[in-house]
Amino acid sequence: MELCGVPLRGPVLNGSGTFDAIAARRAFGDALLERFPFHAFVSKTITVAPREGNPPPRLWETPAGLINSIGLPNKGLEGFLASDLPELAELPVPLIVSVMGFSRDELATLVEAVAQRPEVAMIELNVSCPNVETGLVMGADPAETARALERVRPLSERPLIVKLTPNASEPEAVAAAAQEAGADAVSLINTLKGMALDPDGRGHWLGGGSGGVSGAAVRAIALQQVYAVAARVTIPVIGMGGIESGRHALDFLSAGATAVAVGTESFRDPGAGRRIAAELAALEARGVADRDAAPPPEVGMTQTGDSPPTFFRR
Ligand code: RRO
């Protein structure tokens, strides 16, 4: 398959920031490269200036999910290009670099610099981080998202993926604005805003105050948003949010996603991406076998009148 013209051996990516490939290489050695869990690798989001990230605690386990308030710790653009990029370039899959600017100028600086590096296959614009002190979320507003895209689009021919926030009144309107302004793909969902209180009653648990909720708890919300966005845009959609099995991945593909990403599940099992890809391939092979053996069953919803059947893989 391909994504934005980049050949991929399959449709399973990681969600940005949920798999540290450099630490994993240190822990697992070359076995990581031989059994890499994903078909493309998305880096942790980088910013122009280095950041320490938010004070601890940074995580809270919630029923069927996780709240994070990591706060974008990273080496900054120069540090990333000098020390992380060469290591990530050794991964056996295409590399997608995730970037976030606190202004359009910063975003432009990042895109221009990252796009010059031949190791980078695509760039993901993270306009949806819930955990920065400014509270600035470009991606909550279609017009702001379009302005950001218009600024960076002329700077690079690399495919640009826009990472959408679920904390918008109409994510599909933001997706449409991104497409109109030149995005090559959208990915969703980033985390939903949430918080937890200290069990001792001493205020917030998370050092950053509130955080972003991920994991199984958000899967139904993510699936609906992916479905709504895929119905609105023609560019590829990368779907994620609580995917823990091949069945879940297939649900997102059936809802209109071209590729999927595994996030929170990789914290429990760093090999989850590989397992999910294998489960998905088995399900799809079974689907093909079923289709060859019998006339196609009605899928998902019942077709009425002239409207097209709703649930079909694009
Ligand atoms: O670093 C984070 O706290 C973070 C980021 Br950049 C993001 O995009 N989504 C999230 O849940 N956490």
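Okay, let's start at L283. If we skip the neighbours within four places in sequence, L283 is in contact with G246, R247 and L250. Keep in mind that this is a predicted model. L283 sits in helix α10, which covers residues 272-293. Now take R247 from that list of partners: R247 and L283 are 36 residues apart along the chain, and their C-alpha atoms are separated by 7.5 Å.

Is L283 buried or exposed? Its relative accessibility is 18%, and buried means under 20%, so L283 counts as buried.

Let's zoom out to the whole chain. How many helices and strands does the secondary structure come to? For the protein chain, we get 10 helices and 14 strands. If you put a box around the C-alpha atoms along the principal axes, that box is roughly 55 × 50 × 45 Å. And the radius of gyration? A compact globule with 314 residues would have one near 20 Å, and the protein chain has 19 Å, so the two agree.

What about contacts across the sequence? Take the contacts in the protein chain with a separation of 6 or more: 72% of them are accounted for by residues 24 or more positions apart. The pair L283 and R247, 36 residues apart, is one we have just met.

Next, inside and outside. Of the 314 residues in the protein chain, 51% are buried. On the outside, the chain exposes about 14100 Å², and carbon and sulfur atoms supply 54% of that area. As for charge, there are 27 positive and 36 negative side chains, and the centres of those two sets lie 2 Å apart.

On to the core. Here's the background: in soluble globular proteins, nonpolar side chains tend to be buried together. In our model, the largest nonpolar core has 75 residues. Which residues have the most contacts inside it? Those are F41, V99, I123, L125, V162 and V186. Helix α4, residues 104-115, gives this core its largest share, 7 residues. Apart from that core lies another one, of 15 residues, with I96, A185, M240 and A259 among them.

Let me pick V162 so you can follow along on the structure. Not counting residues up to four places away in sequence, V162 touches L125, V127, T145, L149, A178, A183, A185, V186 and S187. Two of the names there, L125 and V186, were also on our list of residues with the most contacts in the largest core.

Last part: some backbone details. First, cis peptide bonds. The bond from P56 to P57 is cis, with omega near -5 degrees. P57 lies in the loop between β4 (41-42) and β5 (59-62). A cis peptide bond also joins L188 and I189, with omega at about 10 degrees. I189 is in the loop between β10 (185-188) and β11 (192-194).

Then, positive phi in residues that aren't glycine. C4 has a phi of about 55 degrees, and you'll find C4 in the loop between β1 (2-3) and β2 (6-7). L72 has a positive phi too, near 60 degrees, and L72 is in the loop between β6 (65-68) and α3 (76-88).

So, how do C4 and L72 sit: buried or partly exposed? C4 has a relative accessible area of 22%, which makes C4 partly exposed. L72 has 2%, so L72 is buried.

How values were computed: Residues numbered from 1 in each chain as written. Predicted model: local features only at pLDDT ≥ 70, side-chain atom pairs only at ≥ 80, totals over all residues. Heavy atoms only, no water. Helix = DSSP H or I, 4+ residues; strand = E, 2+ residues; numbered from the N terminus. Rg over C-alpha atoms; globule rule 2.2 N^0.38 Å. Buried < 20%, exposed > 50% of the residue type's maximum accessible area, 1.4 Å probe, protein only. Contact = heavy atoms within 4.5 Å. Areas by Shrake-Rupley, 256 points an atom, 1.4 Å probe, with all protein chains shown as cover. Lys, Arg positive; Asp, Glu negative; His and termini not counted. Charge placed at Lys NZ, Arg CZ, Asp CG, Glu CD. Core = buried A, V, L, I, M, F, W, Y, C linked by side-chain atoms within 4.5 Å.
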